[in-house]
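Notebook open, coffee at hand. I wanted to look up a pocket and a charged residue, and here is how it went.

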Amino acid sequence: MRLLLASLLLLSGAPRLLAHADRIEDRLLLHFATGVHPLGNGVWRDLTGRLPAAVQGAPVLTNLGPAQGLLLDGYRDWLLVAPSLEAARPGLPTNQFSASAWVLLHDTHRDGGIVGFVQDNGDYERGWVLGYNRRHFTLRLATDGLEPAKVRLTTLAGRTPIEPGRWHHVAATY
């Protein structure tokens with residue numbers, strides 16, 4: 001399974017219609033865009049300057065017409081923005097948020113992730129992830145269960161089918 005990522009945005013508060021590489025929006029938490037900040041020494045800097053991503057594996061920058069994308073193999077390649085909750089706090093939303101990405105999937109599986117900060121350890125589930133299942137893009141989000149002490153990841157699935165080998169702009173707002 002290969003994932004090609006062209007641009008990734010994470011906004012907090014009321015979402016903006018556009019995010020420009022030459023102007024940082026006031027509520028933009030993270031913005032990774034190919035062709036703007038190069039990958040160097042195993043690090044990819046986000047446009048807000050909040051949190052750099054450590055490049056894991058060997059993703060490849062590839063040309064996509066006049067633009068570039070980052071090719072991730074879906075297994076060994078990923079970007080690690082923060083190794084812990086404390087390190088991630090500057091880039092995490094505190095209430096409402098929007099996350100978006102341009103992706104091209106060649107294959108799908110039951111529970112794939114594009115961007116998020118999630119912990120799923122059986123009864124201990126926290127965070128969120130913009131991802132996909134075999135047929136649709138999804139947003140998994142920790143919500144209160146019937147018991148106040150129980151928090152569960154709820155999966156919301158989009159309606160548009162994933163077409164392997166085709167670009168999709170994926171966005172979720174909560």
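I started with the lining of the second largest pocket, in what is a predicted model. Three strands, β9 (112-121), β10 (124-132) and β11 (136-144), each give at least two residues to that lining. β10 has the largest share, with four residues.

Next I checked the pocket's volume, which comes to about 440 Å³. I counted 16 lining residues, and those closest to the pocket centre are F117, R126, G127, W128 and A142. By type, the lining splits into 11 nonpolar residues, four polar ones and one charged.

Then I moved on to D46. I found D46 in the loop that runs between β3 (43-44) and β4 (53-56). What is the nearest side chain of opposite charge to D46? It is R50, at 5.8 Å. A salt bridge needs a side-chain nitrogen of Lys or Arg within 4 Å of a carboxyl oxygen of Asp or Glu, and D46, though buried, has none.

So which backbone nitrogens did I find by the D46 side chain? One belongs to R50, 3.2 Å from a polar atom of the D46 side chain. Another is the backbone nitrogen of H31, at 3.4 Å from a polar atom of that side chain. I noted R50 twice, then: its side chain is 5.8 Å away from D46, while its backbone nitrogen is 3.2 Å from a polar side-chain atom of D46.

Last, I looked at the whole protein. I listed one helix and 13 strands, in the order β-β-β-β-β-β-β-α-β-β-β-β-β-β along the sequence. Of its 174 residues, 40% count as buried.

Key: Residues numbered from 1 in each chain as written. Predicted model: local features only at pLDDT ≥ 70, side-chain atom pairs only at ≥ 80, totals over all residues. Heavy atoms only, no water. 1 Å grid on protein atoms, 1.4 Å probe; cavity = no way out; pocket = protein on both sides within 12 Å on 5 of 7 lines; lining within 4 Å. Points joined across faces, edges and corners; volume = space filled by probe spheres on them. Nonpolar A, V, L, I, M, F, W, Y, C, P; charged D, E, K, R; others polar. Buried < 20%, exposed > 50% of the residue type's maximum accessible area, 1.4 Å probe, protein only. Lys, Arg positive; Asp, Glu negative; His and termini not counted. Polar contact = N/O pair within 3.5 Å; in protein donor to acceptor, adjacent residues only side chain to side chain.
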